[in-house]
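Hello,

Here is the structure I promised to pass on, with my notes on helix packing, sheets and two loop residues below it. Have a look at the model first, then read on.

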Amino acid sequence: MAGALLNSLRLARAGFVLAQHGIRFVPRGVPVPLPLKIARALTVPIQLVTAPFRRDVPRASRVASALSELGPSYVKLGQFFATRADVIGPELSADLRHLQDKAEPFSMAEARIAVERALGGKLEDHFIEFGPPVAAASIAQVHKAYILEDGVKKAVAVKILRPNIEKRFQHDLDSYYFAARLVERFYPPARRLKPVAVVDNLKHTTDLEMDLRLEAAAISEMAGNIKDDEGFRVPNVNWRRTAKRVLTVEWIDGTPISHRDALQAKGFDTGAIGLTVLRTFLRHAMRDGFFHADMHQGNLFVDDNGIVVAVDFGIMGRLGLAERRFLAEILHGLITRDYHRAAAIHFEAGYVPPHHTVEEFAQAMRAIGEPIQGRTAEEISMADLLGQLFAYTEVFDMQTRPELILLQKSMVIVEGVARDLDPLLNMWIAAEPVAKEWIESNLSLLGRLKGAGRGAETIGDILLRTPGLLQRAEQTLVGFSEMAQSGLKLDDATLENLASRSRHNRITDAALWVTALALIAIALKIYGVV
């Protein structure tokens, strides 16, 4: 009871602050349950009183201001919901994409304590110089420091978690869970959107962000994936100076990718850089199934060699092979106008329930794809396209897929970065060679043979043990049969009888290997090799 009351008070405060800033917390056109109708009615007087003071303030700025006032967990919540237009509507989602993760820095004294607790010893044992914070966000802040390695002075970036941030987030997450459970219990139409699962996903992403060793591991994993790629790289991790609450990486000296004029003044082709950003992101998503999910302009730099360098790997996305195939086929289907194939992949992946037809969904895909054909990026609104996709999720009873929604959100951000570098860039045309490359590598005859080879390795490993597995199963069944007839007993005679069943018999072995070979033949048939 006390927990429910405390969570209700936390939510009431949040609603009051949002109302003060003139923000609707329920999207237009979305049915509202009675408790929220009452809450919305109570906030109307507040909005009327505060309206004159925010008349000239853009809506996106009001959202940022309100969430910043509520604290770091609400800033993170806003960034998270920017990826969930299916839950909050495309209009509010578009506003939240403008939310900048900026906060007041904590003190140098607190930074020193955090470093010494995380790494042991004194700050000076690890860094020969340690500067003031250069950036502060809701979860952590970054300092520029210097280390001495092999007699050489090197600049590093040191990321430090905010003091007590875990405790504060946990309190707010409790109130989010409380609200989500109420919505699921009292508003059945919202259950399709899985509110509690949405909060689970938010908790998971913040848990990952609050262990900086995992961010270091993400950087290391991506470095391995892209070691042979050109035009894009990530910073080197300094593992000796990295712990759960402190991350140390190579300092990146480069031009912010948002400074288009500065890049052109240095002689760089900004159109080519934009194409690199877009195709790199798609390649990471489709080829590696592991992508930077927060590639906004503040996290991208161009070094003196014209190479794009990404920073801040707190939010990463993963796609399984099925999701990568889904992405490649969707892109390829929209680009080549093969809407039937683009629709069919939804059914094959299980995203659309089988009581709908592929033909009907293909019609919906055509309605999305045809308007973008032959048009420049300036004429195509990705927000509108995503809005249509989310609208069709309800029409076709599609369940929420967080990993795909994170991918779609990231694609919008990356396209925005690329478009700022080249306003005429068409995302669909730029994406075609990457999607085609993936399809040829994975869905062509050669790709199927490679896939069959990988599958055969797994099946072969299992089948090498098949005779023993089947023998043990036979022995167990015989033993149970005898026990059923003569009762359960574990005397010496019984144990000897069971043990004798394990002696090899050539005829039985032959039969078991025939079974194993038959299974191999079936497996190869499934993979399309024979």
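Helix α8 passes helix α9 in a right-handed crossing. Please keep in mind throughout that this is a predicted model. Helix α8 covers residues 165-186 and α9 covers residues 195-209; the two pack at an angle of about 165°, with their axes 8 Å apart. Angles over 145 degrees count as roughly antiparallel, so α8 is roughly antiparallel to α9. On the α8 side, the residues that meet α9 are Phe-169, Gln-170, Leu-173, Tyr-176, Tyr-177, Ala-180, Arg-181, Val-183 and Glu-184. Their counterparts in α9 are Pro-195, Val-196, Val-199, Asp-200, Leu-202, Lys-203 and Thr-206. Sorted by class, this contact of α8 with α9 has ten nonpolar, two polar and four charged residues.

There is another helix pair to look at, α14 and α15. Helix α14 spans residues 339-348 and α15 spans residues 358-369; their axes come within 8 Å and cross at roughly 120°. That angle makes α14 oblique to α15. The crossing of α14 and α15 is right-handed. From α14, the contact takes in Tyr-339, His-340, Ala-342, Ala-343, Ala-344, His-346 and Phe-347. From α15 come Val-358, Glu-359, Phe-361, Ala-362, Met-365, Arg-366 and Gly-369. By class, the contact of α14 with α15 has nine nonpolar, three polar and two charged residues.

Now to the sheets. One open sheet has four strands in the order β1-β2-β3-β5, and its pairing is antiparallel. At its edges are β1 (129-136) and β5 (246-250), each of which pairs on one side only. Ignoring direction, neighbouring strands in this sheet are turned by 30° against each other on average.

Within that sheet, β2 (residues 140-149) and β3 (residues 152-161) pair in the antiparallel sense over ten bridges. If you want to find the register, Lys-144 stands opposite Ala-157 in β3, and Tyr-146 stands opposite Ala-155 in β3. Helix α7 (residues 108-119) packs on this sheet, where it touches β1, β2, β3 and β5. The direction of α7 makes about 110° with that of β1. Helix α10 (residues 212-225) also packs on the sheet, touching β3 and β5, and its direction makes about 25° with that of β5.

On to the next pair in the order: β3 and β5 run antiparallel and are joined by five bridges. Ala-157 turns up again here, with Val-249 as its bridge partner in β5. Ala-157 is thus a handy place to start when you trace the strands, with Lys-144 opposite it and Val-249 as its partner in β5.

The other sheet I looked at is also open, with four strands in the order β4-β9-β8-β6 and mixed pairing. Its edges are β4 (232-233) and β6 (255-256); each has a single partner strand, so one side of each is left without a neighbour in the sheet. Helix α12 (residues 270-288) packs on this sheet and touches β4, β8 and β9, with its direction at about 45° to that of β9. Strands β8 (residues 300-302) and β9 (residues 308-310) run antiparallel and are joined by three bridges. Here Phe-301 stands opposite Val-309 in β9.

Finally, two loop residues caught my eye. Most residues other than glycine have a negative phi. Which value does phi take at Asp-150? It is near 55°, a positive value in a residue other than glycine. Asp-150 belongs to the turn of the hairpin formed by β2 and β3, which has two residues between the strands. Is Asp-150 buried or exposed? Asp-150 is exposed, with a relative accessible area of 81%.

Asn-164 has a positive phi as well, near 60°. Asn-164 lies in the loop between β3 and α8, which leads back to the helix I began with. Asn-164 is exposed, with a relative accessible area of 60%.

Best wishes

Conventions. Residues are numbered from 1 along each chain as its sequence is written. This is a predicted model: local features need pLDDT of at least 70, side-chain atom pairs count only at pLDDT 80 or more; totals for chains, interfaces and linings use all residues. Side-chain values use heavy atoms; hydrogens and water are left out. Axes are lines fitted to C-alpha atoms, for helices over the stretch in contact, and angles run from 0 to 180 degrees between N-to-C directions. Angles under 35 degrees count as roughly parallel, over 145 as roughly antiparallel, 65 to 115 as roughly perpendicular and the rest as oblique. A crossing is left-handed if the near helix is turned anticlockwise from the far one by less than a right angle, and right-handed if clockwise. Contact means heavy atoms within 4.5 Å. Ala, Val, Leu, Ile, Met, Phe, Trp, Tyr, Cys and Pro count as nonpolar, Asp, Glu, Lys and Arg as charged, and the others, Gly among them, as polar. Two strands pair if DSSP finds at least two bridges between them. Buried means under 20% relative accessible area, exposed over 50%, partly exposed in between (1.4 Å probe, protein chains only).
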